[in-house]
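Here are some comments on the model, set out as numbered points for you to read beside the coordinates.

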Amino acid sequence: MSTSTDNNASITQESGPSAAVQDIQKKIVVRTADGEVFNLKEEVAMEIDIIKTFFQEDSISYETVMPLPNVEGWEMVKVIEYCTKHVELKHKVDGYKERKAFQALFVQNLSTKSLLALTNTANYLEVKYLLDFLCQAVSEQIKNKDVDYVRELFGVENDFNDEEYEQVKAEAPWAHENLNNDLH
Amino acid sequence: MEGLVMLRQLIGQLQEFVQFHGSPPQPHLQQQQLPLLNHHHHHHHRRWCSSIVDDSSVDDYYSFMMAAGKSGSVRMLEPSKPPPSKRSRKERARGKSSGTTNTTEPMEQHIWKDFPEDLYEAVIARLPIATFFRFRSVCRKWNSLLDSESFSQQCAEIPQANPWFYTITHENVNSGAMYDPSLKKWHHPTISSLPTKLIVLPVASAGGLVCFLDIGNRNFYMCNPLNQSFKELPARSVKVWSRIAVGMTLNGSSTSGGYKIMWVGCDGEYEVYDSLRNSWTSPGSMPSSVKLPLSLNFRSQAVTIDSTLYYMRSDPEGIVSYDMVTGVWKQFIIPTPLHLADHTLAECGGRIMLVGLLSKNAATCVCIWELQKMTLLWKEVDRMPNIWCLEFYGKHVRMTCLGNKGLLMLSLRSRQMNRLVTYNVSSREWLKVPGCVVPHGRKRQWIACGTSFHPCLTAVA
C-alpha cells in the first residue's frame, strides 16, 4: 500500500530525543487520483486546509483514507515536500536564507505548465502560503515571455478584433518602451 | 502525438495572428506621439526657462513656476476630459476558451478543467507593472482585469513593492516622467486627462493615487498614473490663494475605503476633503497652542503615519501634526541641525526622518537624521558616501527630495551638474539613478519636483 513517498513524509522519525513522541504521532492517509496512497505526519497534514477541515469538522477517524480525486501523485509529493519544509522552518529563528534556497530548488526542474498545475492543486488543497509562492513563481517565469506564449500556456484565444487590439496596445504605450530589452 | 497536436495548434494561432495584423505589432509606433507633445511646450517655455534657472536667488521650483506664471505664459484651465470609459461587464463574461487542446492527455485536461478565474488573477497581479500592460493584449478577459473586483482584491493582498516616483521635469512641465526603482527604468506616460494648459504639480500621494495641485493653488486633481483614473476635486469652500501645504491619508488600507486630503495655510486656515462624501469641510480652527503664523516648509512634503499628518515648520523650528481621525493638532518644538539647507521630512516604519544638505566650509554632504521621540532632537543616522559628496566640493548645490516614505529620490544640482540618487531608509542603501531621457531623446532631463507613489493598478480616483 505505502509507496516510497511514505518514507519522505516520516523521515525524521528515527533520530532525536523526541523520537519516542514522534512514534506515537498520528498519521493521516490520503489517496490521490492515480491511486497512490500517502501517509502524512499529522502536523504536515494539518497545513493542508482541505485535509484539516475534512478530519476536524466532522471528527472523522484518522483511519479513514481521504480521497483527493483532483490531485495527481507527483503533485502530492511536491506539496508534502513544501509543507514539511515549512513546518520545519517554523521552529527556526532565522530561516530566511534556507527558505530562499529551498524555494529555488523546489521550482528548478518544474516546467511552467507543471507549475501551473501545481498552483491549481495548491489552490484546491487550500495551502495559502504555497499558493502565494507558486503564483509568484509562475509570474517570474512568464514575465519576459511574449503574448503568444502566454495565450498558449493558459489556453486562451485572442478574441480581440483588429481595432480593439490596436486600441489596447495604444492604451499604455509607455509600458511597451524598452521592450526589446525585456524580451531577451 | 501530443507534441504534434500542440504544434498544429500553435501554427493555427500564429496564422490567425498574422491574418489580423499582417506583421508583428510595432510598439514604437505609439512613441512618436510623445516627441510632438514635448516639442510644442518645449518651444513655448524655452524662453523664460533658461533665464530663470541660472538665477540662484530662486530658491525652489515653486517660485520658479510662479515667476513663469506672472510672465503670462500660463493660460486658462482647459476643461478636463471625461475619464476613459470602462469596458462593459458583458465583455468580461465572455469566457476563456478552455479545452482548445484536442489531446486526451490526462495532464492537459487536468490543468484546464478547473482552473478558477482568480488563479489567473493571482498570477497576473504579481507581474511587473509594464508586463501587466503588455499582457492586456492577451485576450479580452485579461484586458478587463482593471475593472474586476476580484483582481483589485488580489492586488491589494500582495505585499507592497518599492514605490515608484512620479516626477515633473524642467524640460517638460506638462507631462510626467515615472521612475521604477526595482527595474531602474524611466517611463513617460501621457495622462490625457490632466489639464495640459495649466501647470499642475504632484503634492501628495497615498494608496496608488497621486494628488495634483495647480500652480495657482486653486484646484486639486486626483490621478492614478498607471490606469489613467482621474478626478477633479470640487472647489474648496475657502478661497485661499497663498501657498498651502497638502497631506493625504487613507481611511483604511487601500483607496477603496476612501481617502482624505488636507490643505493648511500659513495663517492657520485648513480644510479636509473626504472622498466618501466628495466634499470639503472645515473641521475647526487651530488651537492657540500652535504658534501662528505657521512658517511652513513648503519644500517638505507632509509625512503620513497612520491617520496623522506631520508638517515641518520654522519659527519655532519643529513639526506640527494633525490627526485626521480625532481632529487634534499638536506642536513639537525641535531644533534644526546647524548648517542645514533644503531639508525635508520623511518617514520609514513609523520613524520620522529628516533629510538635508549639510554644508561646512566648502564641503557639502547629504545627511539623514532620525527624530528621537523622547528628547525631540534630531540624531544623525546616515550620510551619503564620501566619494559622491566630493563631487559637490566647492559648488553651490541645491537638493530636492522626492518621496518621503521608505524610499527617497534626491535630485542634486549645481550649475553644471544634475545628479539623481535614491536612498532606502531601512536598508541604508544609496543608489544612483539613471538619467531621465525621453524616448528617442539624448539629453538628460532635470527633475524639478515630484512624489513617490505605490504602483497600484486598480486604485480608482
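1. In this predicted model, the contact between helices H5(A) and H6(A) is a good place to begin: on the H5(A) side it involves A:Lys78, A:Glu81, A:Tyr82, A:Lys85, A:His86, A:Glu88 and A:Leu89, and these meet A:Glu98, A:Arg99, A:Phe102, A:Gln103 and A:Phe106 of H6(A). Sorted by type, the residues of this contact are six charged, four nonpolar and two polar.

2. As for the geometry of this pair, the axes of H5(A) and H6(A) come within 11 Å and cross at roughly 175 degrees. Because angles over 145 degrees count as roughly antiparallel, the two helices, H5(A) and H6(A), are therefore described as roughly antiparallel to each other.

3. Helix H8 of chain A covers residues 128-142, and since its 15 residues should span 21 Å at 1.5 Å a residue, the 21 Å between its end C-alpha atoms agrees with that expectation.

4. Which residues of H8(A) are buried? They are A:Leu130, A:Leu131, A:Phe133, A:Leu134, A:Cys135, A:Ala137, A:Val138, A:Ser139 and A:Ile142. Within chain A, the buried residues of H8(A) pack against helices H5 (73-90), H6 (96-108), H7 (112-125) and H9 (147-154), and they also pack against helices H7 (117-124) and H8 (129-135) of chain B.

5. Turning to chain B as a whole, it has 11 helices and 25 strands, and 53% of its 461 residues count as buried. Of the contacts in chain B between residues at least 6 apart in sequence, 54% join residues at least 24 apart. Chain B exposes about 21,200 Å², of which carbon and sulfur atoms supply 54%.

How values were computed: Residues are numbered from 1 along each chain as its sequence is written. Chains are lettered from A and ligands numbered from 1 in the order in which they are written. This is a predicted model: local features need pLDDT of at least 70, side-chain atom pairs count only at pLDDT 80 or more; totals for chains, interfaces and linings use all residues. Side-chain values use heavy atoms; hydrogens and water are left out. Helices (H or I, at least four residues) and strands (E, at least two) are DSSP runs, numbered from the N terminus. The expected span of a helix is 1.5 Å times one less than its number of residues. Buried means under 20% relative accessible area, exposed over 50%, partly exposed in between (1.4 Å probe, protein chains only). Contact means heavy atoms within 4.5 Å. Accessible areas come from the Shrake-Rupley method with a 1.4 Å probe; for residues, only the protein chains shown count as cover. Axes are lines fitted to C-alpha atoms, for helices over the stretch in contact, and angles run from 0 to 180 degrees between N-to-C directions. Angles under 35 degrees count as roughly parallel, over 145 as roughly antiparallel, 65 to 115 as roughly perpendicular and the rest as oblique. Ala, Val, Leu, Ile, Met, Phe, Trp, Tyr, Cys and Pro count as nonpolar, Asp, Glu, Lys and Arg as charged, and the others, Gly among them, as polar.
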